[in-house]
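Here is a short briefing on the structure below. Topics run from the overall fold to single residues.

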Amino acid sequence: MDLSVLAKQVARLSLGKRLPEGVYVHVEALPRLSAELRAAVDAAAAIAEVDAAAFHVVKFAKRGAKISLLAYPTFFQEAFPCLTESWVVDLASHSVTHRTYAPDGNPPILHRKEVLLPPDHPRVPEFAALTTRATEFGLFEDTKAIGTKNAWTAKLERLGLRLDGHQLVETRREASAASHGDCSEPVVQRHRTALQRYSLSTPAQALWRYGFLDTGSSLFDYGCGRGDDVRILKSLGINATGWDPHFAPKEPKQDADVVNIGFVINVIENAQERREALAGAYALARKVLAVAALIGGRTAYERHRLFRDGVLTSRGTFQKYFSQQELREYIETTLGREPIAVEPGLFLVFRDDVEEQRFLAAKQTRARCTVRLTKPAKPEATKHAPRPTRWEQHRALLEAFWDRCLQLGRLPKDSEFPRLAELRGAVGTPQMVLRKLREERGEASLEAARTARMEDLLVYLALNLFERRRSFRHLPENLQHDIGCFWGSYAAAQAEGTKTLFSLGTPEVIHKACATAAAEGVGYLDRDHSLQLHSSLVARLPAVLRIYIGCAARLYGEVDTADLVKIHVHSGKLSLMAYDDFSGRPLPRLLERVKINLRTQNVQFFDYDNSAPVQYLYRKSRYIPPDFERYEEQVAFDKAVESLGLDMADHGPQASVFEETLRERRLKIQDFALVPMHGGAGTGGQ
């Protein structure tokens, strides 16, 4: 058998269920296939030594000469049948891998049966109707979590659904109808989710912060609610418009440089309409789309009545709570474009590859103070001032040129410094001018700038490799200049980025980088366990740790939304902590902790609300830089707390123990100090 012909035949298949790894076809569709494919199936069955009645579905691998014979004996009886047996046959090596699945275990299950059959099969309409209904409930949105029997059953139960043959039935509606004699569909009050705002919404603030909103840009707010973002942006001189099905239904849907669909998809109860809204918003975006939705866990569903793939609140509104990873995958599968996490529940989706890469590279450029080292000036040799040289006459131009060289860490191109032509005419070639400036001012400034810029680019390169972002093939012109200047070739730069990225899996590398950071005063190293630091210090970390944190940020969003960052040396995890008024309190209270597991790419959220025990942050001065607000006062406060003789191991004493100690010693917190208590008891002052 010519295996190259087989691969071409599989690529041309118009029947079956196409997935990234292969094409699935029911045996009743085999007569519609080419003679070569039918012969390949017969050959696979002969090698596996099974007859035609033993299997029901055939999988043709897209790569390699493999055919899988899959047994689904209840294909026509069950809505989502279980796999009971499989034979994976390698036609090239004539080898077979056989596996059985116990019915009482957790076997794989099959979805979308209709696409495996011939289009004119009499049961296709019935199976297709089930798929449509399941899609409306959002059952297929998290494809990675529904492939096995247990996960599928759990999802049906969580959404209050059960199967009656090939029908999906809402069990909660059945119960409601039985008790109230009413089986009507609840009326969802979508407009009640629109809030009255007096400041920009979270996605609008992010768009402003990243420079997407200026007087030369336009914004369209898709599902603008009461229009507060549009009103505020217009007052700032931004060309902003919006549409909303309830509050602004007559406003036109129009394209714009920037489109925002903020907290819209989570209030649409119809899964198909939800997808259409997201796709419609992206179609209007000329440059970038901002997508925001509510992030919530299982407890969010437990507080409300389950409805479709979300909940109905007591106000009659619908909410679909996404996980961070689920929202990322939902956006990518709907739009066919990889989103960029900005913060929990907020993603940006670019229209253009080059613009996407420019944004990602800019995020890794550290704000830094320019190092200026100049040689001592020579003493005057004459009493009379000499006639100014061209060098002295054009001092302002030279300063601007030098500043640009320090920003880039290299000689700028014409597109990067518009005054290069002026420089050539007034002083000399850029190469000559830079050489003379280096002689005049020393090498340290430019070398420091070059090193910092290369570290920024190394972080950028490694993070693109981590995410396997497709737009990485399209680099902006300035990044091409950088890579050519610093590494000589793209291949060399990518090799170093790959090497650095893979080094993250070595605890010794992480520990060494953490020790280096702590030695330079960036964060507190807790033995060989973790490095903890304020989020404002992340940009000062060694490149390998910035990549470590950047990988977590690609899953979660920007870490500067938290107060403290904790890098776990051995477990491949990153924790982010948010506190109540971190800057303004000497002993801030923990409000939220986020744990990001880079190995499993899982994000967990832990709330410390009023029902949870209070957890204070002791020794705050360990984690902040000397230029942090009220640093000296914080150091003095921490010393005063340590003098109380409490056990400060791990997280320190429980809040109740600390507060009882203050009462016993008749002390209270007043501003950033422990002071004697006069009169009544209480810690006060925080």
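A residue counts as buried under 20% relative accessible area, as exposed over 50%, and as partly exposed in between. R666 has a relative accessible area of 45%, so R666 is partly exposed. The model is predicted. The protein has 22 helices and 25 strands.

**Overall**

- Of the 686 residues of the protein, 49% count as buried.
- Among contacts with a separation of 6 or more, 61% are between residues 24 or more positions apart.

**Nonpolar cores**

- The largest nonpolar core has 39 residues.
- Within this core, L541, L545, I567, L574 and I596 touch the most other members.
- Three helices each supply at least two residues of the core: α16 (444-467), α19 (507-519) and α20 (543-556).
- Strands β19 (530-534), β20 (564-568), β21 (573-580) and β22 (589-597) also supply at least two residues each.
- The top contributor is α20, which gives eleven residues.
- A second, separate core holds 35 residues, among them V342, A361, L475 and F486.
- What does I596 contact, leaving aside its neighbours within four places in sequence? I596 is in contact with A552, L555 and Y556, with G572, K573, L574 and L576, and with N602 and V603.

**Helix pair α16 and α17**

- Two packed helices are described by the angle between their axes and the distance between the axes.
- The axes of α16 and α17 (residues 477-486) come within 11 Å. They cross at roughly 115°.
- That angle makes α16 roughly perpendicular to α17, because 65 to 115 degrees counts as roughly perpendicular.
- The crossing of α16 past α17 is left-handed.
- From α16, the residues that meet α17 are R450, R453, M454, L457, Y460 and L461.
- From α17, the partners are N478, L479, D482, I483, C485 and F486.
- By type, the residues of this contact are eight nonpolar, one polar and three charged.

**Helix pair α13 and α15**

- Helix α13 (residues 395-408) packs against helix α15 (residues 430-441) at an angle of about 90°. Their axes are 11 Å apart.
- So α13 is roughly perpendicular to α15.
- On the α13 side, R395, L398, E399, F401, W402 and C405 take part.
- On the α15 side, the residues are P430, V433, L434, L437, R438, E440 and R441.
- How many residues of the contact of α13 with α15 are nonpolar, polar and charged? Eight are nonpolar, none is polar and five are charged.

**Strand β8: Q167 and L168**

- L168 is found in strand β8 (residues 167-170). Q167 also has its place in β8.
- Is L168 buried or exposed? L168 is buried, because its relative accessible area of 8% is under 20%.
- Q167 is exposed, with a relative accessible area of 53%.
- Beyond its neighbours within four places in sequence, L168 is in contact with L130, R133, A134, F137 and L139. Its other contacts are L156, L161, R162 and L163.
- L168 and R133 lie 35 residues apart in sequence, and their C-alpha atoms are 7.3 Å apart.
- Q167 and A79 are 88 residues apart along the chain. The separation of their C-alpha atoms is 8.1 Å.

**Strand β16: E343**

- E343 is found in strand β16 (residues 340-343).
- At 15% relative accessibility, E343 counts as buried.
- Leaving aside its neighbours within four places in sequence, E343 is in contact with T202, R209 and Q324. Its contacts also include Y556, G557, E558 and T561.

**Positive phi outside glycine**

- Most residues other than glycine have a negative phi.
- D581 is not a glycine, yet has a positive phi of about 55°.
- D581 lies in the loop between β21 and β22. At 41% relative accessibility, D581 counts as partly exposed.
- R666 is not a glycine, and has a positive phi of about 55°.
- Where does R666 lie? R666 is in the loop between α22 (655-664) and β24 (667-670).

Technical notes:
Residues numbered from 1 in each chain as written. Predicted model: local features only at pLDDT ≥ 70, side-chain atom pairs only at ≥ 80, totals over all residues. Heavy atoms only, no water. Core = buried A, V, L, I, M, F, W, Y, C linked by side-chain atoms within 4.5 Å. Buried < 20%, exposed > 50% of the residue type's maximum accessible area, 1.4 Å probe, protein only. Helix = DSSP H or I, 4+ residues; strand = E, 2+ residues; numbered from the N terminus. Contact = heavy atoms within 4.5 Å. Axes fitted to C-alpha atoms, helices over the stretch in contact; angles between N-to-C directions. Parallel < 35°, antiparallel > 145°, perpendicular 65-115°, else oblique. Left-handed = near helix turned anticlockwise from the far one by under 90°. Nonpolar A, V, L, I, M, F, W, Y, C, P; charged D, E, K, R; others polar.
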